[in-house]
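Here's a quick tour of the model, from the overall fold down to single side chains. Keep the viewer open as you read.

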Amino acid sequence: MAQWAHGYSGHTHATKVADCESILRKAVEEFSASEAPGTPPNFSKMAARVLQARLKLLGATLAKLEEPRRGEPPLEKIDKIEERIFELDSGGVEAILREFSAPEL
């Protein structure tokens with residue numbers, strides 16, 4: 001029964017993406033609003049987590065669409081997902097940092 005231990009916990013790839021984005025957004029907002037000097041958060045590490053979570057979500061979506069038991073795969077959706085994966089890979093962490101307006105440190 002170990003495979004079902006967290007099967008219905010509500011934690012999905014989509015919730016992971018939302019959590020990572022929320023953490024990065026909050027860190028950027030708090031750092032931008034802060035006037036006290038201090039150690040800035042590691043925005044690159046947070047952006048890397050967002051990127052990884054987004055890629056996993058897209059990969060899982062793609063795998064589900066390509067399941068043989070589902071019949072003929074919807075090629076338009078698959079192409080759009082593959083394009084998005086390519087965009088995320090080519091943009092990398094820098095694109096995520098720009099998206100969230102993280103300050104250059």
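## Starting with a helix and one of its residues

Glutamate 76 sits in helix α3, which spans residues 75–99. Keep in mind that this is a predicted model. Is glutamate 76 buried or exposed? Its relative accessibility is 64%, so it counts as exposed.

Glutamate 76 also has company: together with Glu66, Asp79, Glu82 and Glu83, it makes up a patch of negative charge on the surface.

## The overall layout

Zooming out, the protein has three helices and zero strands. Read from the N terminus, the order is simply α-α-α. Of its 105 residues, 25% count as buried.

The protein exposes about 8,000 Å², and 55% of that comes from carbon and sulfur atoms. As for contacts, take those between residues at least 6 apart in sequence: 68% of them join residues at least 24 apart.

## The loop at proline 41

Proline 41 belongs to the loop that runs between α1 (13–33) and α2 (43–65). With a relative accessibility of 26%, proline 41 counts as partly exposed. Pick alanine 27 as a reference point and you'll find it 14 residues away along the chain, with 7.2 Å between the two C-alpha atoms.

## A buried isoleucine

Back in helix α3, have a look at isoleucine 96. This one counts as buried because its relative accessibility is just 2%. Which residues does isoleucine 96 touch, leaving out those up to four places away in sequence? The answer is Leu24, Ala47, Val50, Leu51, Arg54 and Leu88.

For a distance check, try phenylalanine 43: it is 53 residues from isoleucine 96 along the chain, and their C-alpha atoms are 9.7 Å apart.

## Salt bridges between and within helices

Side chains of opposite charge can pair when their charged atoms come close. How many salt bridges does the structure hold? There are four. One of them pairs the side chains of arginine 54 and glutamate 21, at 2.6 Å from N to O. Arginine 54 is in helix α2 and glutamate 21 is in helix α1, so this pair ties together parts that are 33 residues apart in sequence. Both arginine 54 and glutamate 21 are buried. Arginine 54 also turns up among the residues that isoleucine 96 touches.

Another salt bridge joins the side chains of lysine 26 and glutamate 30, at 4.0 Å from N to O. These two are four residues apart in helix α1, so about one helical turn separates them. Lysine 26 has a relative accessible area of 51%, so it is exposed, while glutamate 30 comes in at 49% and is partly exposed.

## A pair in α3, and a network

Helix α3 has a pair of its own: glutamate 87 forms a salt bridge with arginine 84, and their closest N and O atoms are 3.5 Å apart. Being three residues apart in α3, glutamate 87 and arginine 84 are separated by about one helical turn. Glutamate 87 is partly exposed, at a relative accessible area of 44%, and arginine 84 is partly exposed too, at 33% relative accessibility. Elsewhere, Glu21, Arg54 and Glu99 are joined into one network by salt bridges that share partners.

Methods. Residues are numbered from 1 along each chain as its sequence is written. This is a predicted model: local features need pLDDT of at least 70, side-chain atom pairs count only at pLDDT 80 or more; totals for chains, interfaces and linings use all residues. Side-chain values use heavy atoms; hydrogens and water are left out. Patches are made of residues with over 30% relative accessible area and no salt bridge: like charges are joined within 9 Å, nonpolar side chains (Val, Leu, Ile, Met, Phe, Trp, Tyr) within 5 Å. Accessible areas come from the Shrake-Rupley method with a 1.4 Å probe; for residues, only the protein chains shown count as cover. Lys and Arg count as positive and Asp and Glu as negative; His and the chain ends are not counted. The place of a charge is taken as NZ of Lys, CZ of Arg, CG of Asp or CD of Glu. Buried means under 20% relative accessible area, exposed over 50%, partly exposed in between (1.4 Å probe, protein chains only). Contact means heavy atoms within 4.5 Å.
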